[in-house]
Structures are given as structure tokens and as C-alpha cells.
Amino acid sequence: MNIIVTGGAGFIGSNFIFHMLNKYPDYRIICLDCLTYAGNLSTLAPVMDNPNFRFVKESITDRKAVYRLFEEEHPDMVVNFAAESHVDRSIENPQVFLETNIIGTSVLMDACRKYGIQRYHQVSTDEVYGDLPLDRPDLFFTEETPIHTSSPYSSSKAAADLLVLAYHRTYGLPVTISRCSNNYGPYHFPEKLIPLMIINALHDKPLPVYGEGINVRDWLYVEDHCKAIDLILHKGHVGEVYNVGGHNEMKNIDIVKIICKALGKPESLITYVTDRKGHDMRYAIDPTKIHEELGWLPETKFADGIQKTIEWYLTNREWWETIVSGEYQNYYEEMYGNR
Ligand code: NAD
Ligand code: TDX
């Protein structure tokens, strides 16, 4: 099996590559990633010498480069993780989200149509469903929940999902889509809530909580997401959407307090800051379909996953220190000042 994994130098894509190379020693994985600010080649260092792995630095929006890669590699499957993924950045500058997340997806699928493919898998998000009210804990996102996006990021992901389903219906492209809740774990980029709070707390810097900190996210350990995608690739039904989530809803403020406690830092570091524009209140996935059809269940409890994650950031300082001292630092200062 030859699999092109796009966005594999980022958080979830890299974890997925490690999972696949480990589990399927006879598969070949080709990572296509243009290394934006969020892509980090050092993340892939452990597999760079693996004969079953190849890294290609190109953009999914570059049609010629993508077609060339298909001619060279004849992939059996494509798994598309490549995206601009940060909601706050999409609010500041939506354009690149449209280019990568929408146009990039269509270029990849055009290549799949032109050269033939067994499966095109789109890695999507629960954010395409918009949000749920805090006072209705009985409500969850199912695959039938209407698309109702809030941010430029989620709108670009939803547009891509609609294109994927359109390519299936119109051209018969063998597609699947997974819509996952918030991931956490190793190699999570330090602009996102959990790694940002761990790193700031380690430096005794303020912990910027948006609004009142009562927004709810449904957290899933990244390995459990990777296993779900593996299962969908091998057993999922073409043309179908699968929600992925572990019924692990938590308020942002509670996550930040857990991190303070685990690191022995005072809660007085918590600083309430201006809320995100259009901030979604609550995400909550109903994963019944992937459980009943494919037998998937999350394996990592939050208490264990967050402990493993914190330990990973403590023992892999070099990985994130390089990031927070570089280009990302300029962005962070623009967003938050010199906090
Ligand atoms: P990330 O920002 O950590 O990584 C994105 C990767 O894509 C980077 O390596 C980057 O260099 C690459 N990339 C960006 N633009 C590219 C382009 N034009 N061509 C090639 N490569 C490009 O993102 P992540 O958190 O790992 O998310 C991966 C995917 O999963 C995204 O599609 C995201 O929407 C989706 N998702 C993420 C979460 C989450 O909690 N992080 C949850 C659900 C779904
Ligand atoms: O400094 C912060 N303070 C804060 O209160 C940051 C960075 C975030 N937050 C809040 C906003 C959200 O309610 O924490 C929550 C989580 O924020 P993010 O880590 O930015 O994630 P989110 O916006 O929920 O989106 C993530 O999950 C769904 C990923 O970034 C998306 O790519 C994925 O689709």
C-alpha cells in the first residue's frame, strides 16, 4: 500500500505517520507538506531514515507538483491532514485558509480523479457543525447535524467537506470523511490551548483564558484519532462521514487548572483576556456511528493522556523551545503583546 499523507509535519499528521509505519511495516508512506509555520521537519526525524518513508516539500495547492508526485508514486490512498488549522489566525487573515483548505483539497482530489485512487480520506473537524448551547447537555453533533459554521477556519473546512462529497457524487471518487473533536498530545503546536498553557506555566507567564473560560471542548488523545482514521481507511464505507470523539467534554478553565496543578504552578497565573470573536460555546461529538459500524472506542482516559502530554513537553523542551523562539514568537507578540 502506497499512502500519501499530506500535512504530516504537523501535529496529528506526524502522529498518524508514526502509527502507520509502526503498525504496517509493508506500507510506504509519502509525506507531502510545504512546511508552513506549523510544519516542523524535526518532528519527523525519527522516521526520516525509514526506507518506507519519503518526505516531499510541496504545497497541496501546487497542481503541477501534486500531479508530479502522483506520477512518481502511484498512491493507493491519500489522507489529507494539510490545512491551516488555527481559528484565531483565520480571524486575523482568512485568505490562506481558503487557499489551502479549499483549493488544496480540490487539487488533491483532481489528482485522485486523474490518476485513480482506492481511497481519498479528508480529515475534518467537529467545528463544521458550529456550536451547541451550554444549557443543553442532552445535545450532541451527529453526522446528520447541519453544517453551521462560525469562523473562517471552520467555514473553509466545511467548504472542503462539501467538495469532497460532491466529488463522490459527481465523479464517483471513493472518499471518506472523519470529523473529530479537539485533539491533544505530543507535537501539538504551542499556539493551541493545552501546549500554550503548559509552556506559559513552565515560564511562570500569564495563562490567557478567553472570555470567562466556560467554553466547552471535547478532548481526544491524538493516538485515538489516528487509530480511528486507520480503521476508516481499512473498513469504512465509501461516501460516508464518521464523527470521532470520546465523550470527554471539559470547560477551558478546568483544563487550565488541571495543568497548573500538575506543574505545581499557582492559579493566580490565570488571566482572563478578551474573548475570541464568534467564539463557539460547546462542541460535543456523538461517536455512535464509528463505534457501532467499525468498533472504534477511545482507549486513553483524559487523566492519563494529559499526564503523558505534560511529561512529553517536559522531556522534549528542545522541540518547542525552537518554535517559541522563532517566527511563532513574532505572531504571539502581535496577538498578545509582550505577556
Ligand atoms: P497543524 O497546524 O499542526 O499541521 C498542519 C500541517 O499542514 C503542517 O505541517 C503544515 O506545514 C501543513 N500544511 C499547511 N498548509 C499546507 C499546504 N498548502 N500544503 C502542504 N502542507 C501544508 O494541524 P493539526 O492540528 O495537525 O490538524 C491536522 C488536520 O486535522 C487539519 O486538517 C485540521 O483541520 C484537522 N483537525 C484538527 C483537530 C485538532 O484538534 N488539532 C481536530 C479535528 C480536525
Ligand atoms: O490562549 C488561548 N486561550 C483560550 O482560552 C487559546 C489559544 C485558546 N483558548 C480557548 C479557545 C477555545 O475555546 O481554548 C479553546 C481551545 O482553543 P484552540 O486550542 O485554539 O482550539 P479550537 O479553537 O477549539 O480548535 C481546535 O480544535 C478543532 C483546532 O485548533 C482545530 O484545528 C480543530 O478543528
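# Briefing: two ligand sites and a cavity in a predicted model

The end C-alpha atoms of residues 4-309 lie 27 Å apart, and this span is 40% helix and 17% strand. The same residues, 4-309, are covered by the annotation "domain: NAD(P)-binding", which comes from an unreviewed UniProt entry. The model is predicted. The points below describe the surroundings of ligand 1, those of ligand 2, and the cavities.

**Ligand 1**

- There are 28 residues around ligand 1, and Ile12, Asp33, Ser85, Tyr153 and Lys157 come nearest.
- By class, these surroundings comprise 13 nonpolar, 12 polar and three charged residues.
- Two contacts involve oxygen atoms of the ligand: a backbone N or O atom of glycine 10 lies 2.9 Å from an oxygen atom of ligand 1, and a polar side-chain atom of lysine 157 lies 2.7 Å from an oxygen atom of ligand 1.
- A polar backbone atom of cysteine 34 is 3.3 Å from a nitrogen atom of ligand 1.
- Ligand 1 taken alone exposes 840 Å², of which the protein buries 96%.
- Two or more residues of the shell around ligand 1 come from each of the elements α1 (11-23), β5 (119-125) and α5 (152-171).
- The element that gives the most to this shell is β5, with three residues.

**Ligand 2**

- Ligand 2 has 22 residues around it, of which Thr125, Glu127, Tyr153, Arg276 and His279 come nearest.
- The shell around ligand 2 divides by class into 10 nonpolar, seven polar and five charged residues.
- An N or O atom in the side chain of tyrosine 153 is 2.5 Å from an oxygen atom of ligand 2.
- A polar backbone atom of serine 85 is 2.8 Å from an oxygen atom of ligand 2.
- A polar backbone atom of proline 208 is 2.8 Å from a nitrogen atom of ligand 2.
- On its own, ligand 2 exposes 650 Å², and the protein buries 94% of that area.
- The elements α6 (193-202) and β8 (207-210) are those that give two or more residues to the shell around ligand 2.

**Residues listed for both ligands**

- Tyr153 is among the residues that come nearest to ligand 1, and Tyr153 is also among those that come nearest to ligand 2.
- Ser85 is one of the residues that come nearest to ligand 1, while a polar backbone atom of serine 85 is 2.8 Å from an oxygen atom of ligand 2.

**Cavities**

- The structure holds two cavities of 30 Å³ or more.
- The second largest cavity has a volume of about 60 Å³.
- Its lining consists of 13 residues, and Val87, Ser150, Ser151, Gly278 and Asp280 lie nearest the centre of this second largest cavity.
- The lining of the second largest cavity comprises three nonpolar, five polar and five charged residues.

Note on methods
Residues are numbered from 1 along each chain as its sequence is written. Chains are lettered from A and ligands numbered from 1 in the order in which they are written. This is a predicted model: local features need pLDDT of at least 70, side-chain atom pairs count only at pLDDT 80 or more; totals for chains, interfaces and linings use all residues. Side-chain values use heavy atoms; hydrogens and water are left out. On a 1 Å grid over the protein atoms alone, a cavity is a set of points where a 1.4 Å probe fits but cannot get out, and a pocket is an open set with protein on both sides within 12 Å along at least five of seven lines; lining residues have an atom within 4 Å of a point. Grid points are joined across faces, edges and corners, and a volume is the space filled by probe spheres set on the points. Ala, Val, Leu, Ile, Met, Phe, Trp, Tyr, Cys and Pro count as nonpolar, Asp, Glu, Lys and Arg as charged, and the others, Gly among them, as polar. UniProt positions are given in the numbering used here, feature names are shortened, and annotations may be inferred rather than shown by experiment. Helices (H or I, at least four residues) and strands (E, at least two) are DSSP runs, numbered from the N terminus. A residue is near a molecule or strand if one of its heavy atoms lies within 4 Å of it. A polar contact is a pair of N or O atoms within 3.5 Å; within protein, one must be able to donate a hydrogen and the other to accept it, and residues adjacent in sequence count only if both atoms are side-chain atoms. Accessible areas come from the Shrake-Rupley method with a 1.4 Å probe; for residues, only the protein chains shown count as cover.
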